[in-house]
Amino acid sequence: MRIAKILLAAALVAPMAACGDSGSGDGPINIGSVSTLSGPVTFPEASQAARAVFDDVNAKGGINGRKIAYTAADDKGDPASAALAARDVIQNKKAVALAGGASLVDCQVNGPLYAQNKITDVRGIGIDPGCFSSPNISAVNTGPYFGSTVSLYYASETLKLNKICSFFVIIGGTANAYKEGVDRWTKITGKKPLITDLSLSANTTDYTPYILRARDAGCQAVLFNGTEPMLVGWVKAAQAQKVKGIKWLFLAPAYTVEIAKALGPAGKDVVALSEFEPYTEANSTVNQDWRTIMTSHKVPLTSFAQGGYLAATHLVEVLRGIKGDITRESVTKAMKDLKPLPSNMTGTPFAFGPGDAHAPNTSAKFVKPDGKGGWTVLTPDWIKLPNA
């Protein structure tokens, strides 16, 4: 049913005619984003962080004297609402670009619309497969699919584990993207997983059969892509079955203070992926500017806020480099001509360029719960995928 809604929403946006020149003159530079800001699962920090960056730029005089007007539209996690939100940002708000979005459905629904209207989106947090397969969207984060690859790569190449298994919760049309993530690891390393299970759904609540299957197969590491409640349930089920000695590899949703507190000592075998410089490292000089801006604007310090901050700062750098008028056309040209932008907050540079798909962040650091409600960094250096 959800896929049908996505396809319907895509059909709704397809007839929209491409808008002409927008954002020219001495008025504000209109920037937009489409994010999931309401509903059962929300990602408000990304667009809040982007707004904080733009507000700081405005306070210092803007871009060549022009202020940035930022619109953060809410798609409610619903495909039809995402289609309407994107139309509003493009048509009514006359955005010259998008930046800092974090949505469950926007990329998949609106990727064709953004391409048709020749507008680029520097995605704060890419979630659905469309965020990494569109010519007009480039996400600053690693994402769940390349995140799966780099987690498996860390387990096999750094931890030197041979028997590696994967269990994926499949929501919507994500099965192929997760399978490609595993296949990518096999192509890079020449190794194959012991188990790749794509049978879990968002309604799965009993993880005991999967944990026992992993134990009985002799898995040394298990990659699981669940959300926060699922991850806690997974670890508690393993604890109830007295399953020990398996590394539980979790993706970016696990890396929160709430998860560390919920797991406590039970999280000793958990390894989580950090898409950016680990945000819990308060003394990291790499995170200093991000922490200062977020704190001054009262934005929660989370990895989602890191994504929004990076998306906004990358776009600001592009805007500052444009000679002449800043319009949708000139911004899109600058993005398509963009040389990779390095950042110490990520292991690989941000890139856009003329490609049909973009996934520039193919690196991660890894952290583990410290048993006291915090996190310890396992990899001071970035784990980077070769030839990704």
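**Exposed loops, one helix and a pocket**

Visitor: What makes K160 count as exposed?

Guide: K160 has a relative accessible area of 58%, and exposed means over 50%, with buried under 20% and partly exposed in between (1.4 Å probe, protein chains only), so K160 is exposed. This is a predicted model, in which local features need pLDDT of at least 70 and side-chain atom pairs count only at pLDDT 80 or more, while totals for chains, interfaces and linings use all residues. Residues are numbered from 1 along each chain as its sequence is written, and side-chain values use heavy atoms, with hydrogens and water left out.

Visitor: What is noted about the phi of K160, and where does K160 lie?

Guide: K160 is not a glycine, yet its phi is positive, at about 60°; K160 sits in the loop between α5 and β6 (164-169), where helices (H or I, at least four residues) and strands (E, at least two) are DSSP runs numbered from the N terminus. Most residues other than glycine have a negative phi.

Visitor: Why is N64 called exposed?

Guide: N64 reaches 64% relative accessibility and therefore counts as exposed. N64 belongs to the loop between α2 (44-59) and β2 (68-74), and its phi, near 55°, is a positive value in a residue other than glycine.

Visitor: How do you know that the length of helix α3 agrees with its number of residues?

Guide: The expected span is 1.5 Å times one less than the number of residues, so the 14 residues of α3 (residues 79-92) should span 20 Å, and the end C-alpha atoms, 19 Å apart, agree with that. The buried residues of α3 include P79, A83, A86 and I90, and α3 is followed by K94, whose phi is positive, near 55°.

Visitor: What makes D78 a cap of α3?

Guide: A side-chain oxygen of D78 lies 3.3 Å from the backbone nitrogen of A80, at the N-terminal end of α3.

Visitor: How do you know where the largest pocket lies with respect to domain 1 and domain 2?

Guide: Domain 1 (29-143 + 283-357) and domain 2 (145-274 + 365-384) both give residues to the lining of the largest pocket, so this pocket lies between them; the domain bounds come from an automatic or database assignment. The largest pocket has a volume of about 1,200 Å³, and among its 50 lining residues V41, F43, L104, I127 and T227 are the closest to its centre. On a 1 Å grid over the protein atoms alone, a pocket is an open set of points where a 1.4 Å probe fits, with protein on both sides within 12 Å along at least five of seven lines, and lining residues have an atom within 4 Å of a point.

Note on methods:
Points joined across faces, edges and corners; volume = space filled by probe spheres on them. Polar contact = N/O pair within 3.5 Å; in protein donor to acceptor, adjacent residues only side chain to side chain.
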